[in-house]
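User: I'd like a close look at one part of this protein and how it fits with its surroundings. Please pick a central element, walk me through it, and then put it in the context of the whole chain.

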Amino acid sequence: MGGPAAAYQQGSGGALDVDEAFYQRLADGDRELVESFEIPIRSGRAWTVPKGHLCRIVTTEGPQVGDLNIWHAHDPRERLWAARTRQLQRAHVSTFDRLWSTLPFLRPLVTVTADSLASYGVDGEGGRAHDLLGTRCDPYVNRMLAGDDYDFHCHSNLVRAVLPYGLTEFDVHDVLNVFQCTGLNDEDRYFMKACPAKPGDHFEFFAELDLLCALSTCPGGDLSVPLWGPDARDPIDVCHPLGVEVYRPSTELLDGWKPPERAAYRNLHGMSMP
């Protein structure tokens with residue numbers, strides 16, 4: 001396809017290059033399952049992923065959107081930066097894309113190693129999977145648009161999930177909407193479509209750093225039912241759980257890999273200190 005070139009580019013061998021052969025070996029290679037659990041419908045859970053491990057999110061029973069937050073496990077000030085990831089990678093991520101962290105760190109938190117929806121591509125209405133365009137549903141917008149209170153939005157689920165880790169509502173941030181299909185319509189307005197995932201579909205990433213992750217099983221389920229407007233109703237019948245699996249890859253597969261360094265800029269912002 002033609003059109004304007006991407007705004008953020010770098011020459012060969014730069015920070016935006018990805019060693020696809022390395023990550024493909026991780027995706028295909030031997031691994032050991034170290035943790036596995038299921039997140040029930042309309043709830044959330046947080047967990048840690050050690051650096052050098054793989055984490056897989058699975059649609060265990062049917063299509064379901066999951067809202068994902070990611071932090072550096074040892075310094076939650078470093079967390080997923082959805083806006084910059086949209087610019088450095090794209091608005092809908094898939095295999096070999098990276099999720100980048102906030103300033104002043106600016107480094108890859110994860111690299112996507114497997115995506116069973118990669119072949120979905122772009123549908124006839126411009127929808128794509130694994131969305132960074134939108135953010136989590138929240139009770140504040142719900143009160144504003146619907147006039148009532150509901151405490152199990154993704155924002156609320158994520159808040160409850162991270163409380164045991166010493167984090168609060170102020171730490172919850174813009175998400176990666178895993179398995180969510182979205183786009184922009186002819187009026188440049190955000191739309192959501194029914195989730196295209198089937199039982200057993202998965203989205204997997206490699207932890208470049210020690211991570212704290214939190215995932216909400218969206219109360220909208222597969223988003224096939226309108227959440228607002230004249231046709232809105234409770235979509236509980238299209239809600240499903242999500243599975244999470246954490247793997248330790250074989251040691252030899254990590255030969256030559258090292259965690260990314262934080263940004264080299266020294267934080268002086270052009271000011272001469274007295």
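Analyst: Happy to. Let's begin with strand β11, which is covered on both faces: H202, E204 and F206 are buried on one side, and F203, F205 and A207 are buried on the other. Buried here means under 20% relative accessible area, while exposed means over 50% and partly exposed lies in between, using a 1.4 Å probe and protein chains only. Strands are DSSP runs of E with at least two residues, helices are runs of H or I with at least four residues, and both are numbered from the N terminus. A word on the model itself: it is predicted, so local features need a pLDDT of at least 70 and side-chain atom pairs count only at pLDDT 80 or more, whereas totals for chains, interfaces and linings use all residues. Residues are numbered from 1 along each chain as its sequence is written, and side-chain values use heavy atoms, with hydrogens and water left out.

Counting along β11, 6 of its 6 residues are buried. Its pairings help to place it. Strands are said to pair if DSSP finds at least two bridges between them. Strand β3 (residues 54–58) is joined to β11 by 5 bridges and runs antiparallel to it, and C55 stands opposite F205 there. Strand β7 (residues 108–115) pairs with β11 over 5 bridges, again in the antiparallel sense. Within that second pairing, V112 faces F205 and A114 faces E204. F205 thus has C55 opposite it in one pairing and V112 in the other.

Now to β7. Of its 8 residues, 8 are buried, so the strand is largely enclosed by the rest of the structure. Besides pairing with β11, β7 is joined to strand β6 (residues 98–100) by 3 bridges, and the two run antiparallel. L99 has V110 in β7 as its bridge partner.

V112 makes a good vantage point inside β7. Its relative accessible area is 0%, so it counts as buried. Contact means heavy atoms within 4.5 Å. Setting aside neighbours within four places in sequence, V112 touches S94, T95, F96 and D97, and also F203, E204 and F205. L54 and V112 are 58 residues apart in sequence, and their C-alpha atoms are 9.4 Å apart in space.

Two backbone details belong to this neighbourhood. Most residues other than glycine have a negative phi, and most peptide bonds are trans. F96, one of the contacts of V112, is not a glycine but has a positive phi of about 80 degrees. F96 sits in the loop between α2 (82–88) and β6, and with a relative accessible area of 18% it is buried. The second detail is in the loop between β6 and β7, where P104 is found: the peptide bond joining L103 and P104 is cis, with omega about 5 degrees. Elsewhere, N267 is another non-glycine residue with a positive phi, of about 75 degrees; it lies in the segment after β13 (242–249) and is partly exposed, at 37% relative accessible area.

For a helical counterpart, turn to α4 (residues 154–162). It has 8 of its 9 residues buried, so this helix is largely enclosed by the rest of the structure. The buried set is C154, H155, S156, N157, L158, V159, A161 and V162. Their cover includes β2 (44–49), β4 (66–72), α3 (139–146) and β12 (211–217).

Finally, the whole chain. The protein holds 4 helices and 13 strands, and buried residues make up 50% of its 274 residues. Among contacts with a separation of 6 or more, 75% are between residues 24 or more positions apart. The C-alpha trace spans about 55 × 50 × 45 Å along its principal axes. For 274 residues, a compact globule would have a radius of gyration near 19 Å, and the protein agrees with its 19 Å; that radius is taken over C-alpha atoms, and the globule rule is 2.2 Å times the number of residues to the power 0.38. The accessible surface comes to about 13800 Å², with 52% of it belonging to carbon and sulfur atoms, as computed by the Shrake-Rupley method with a 1.4 Å probe.
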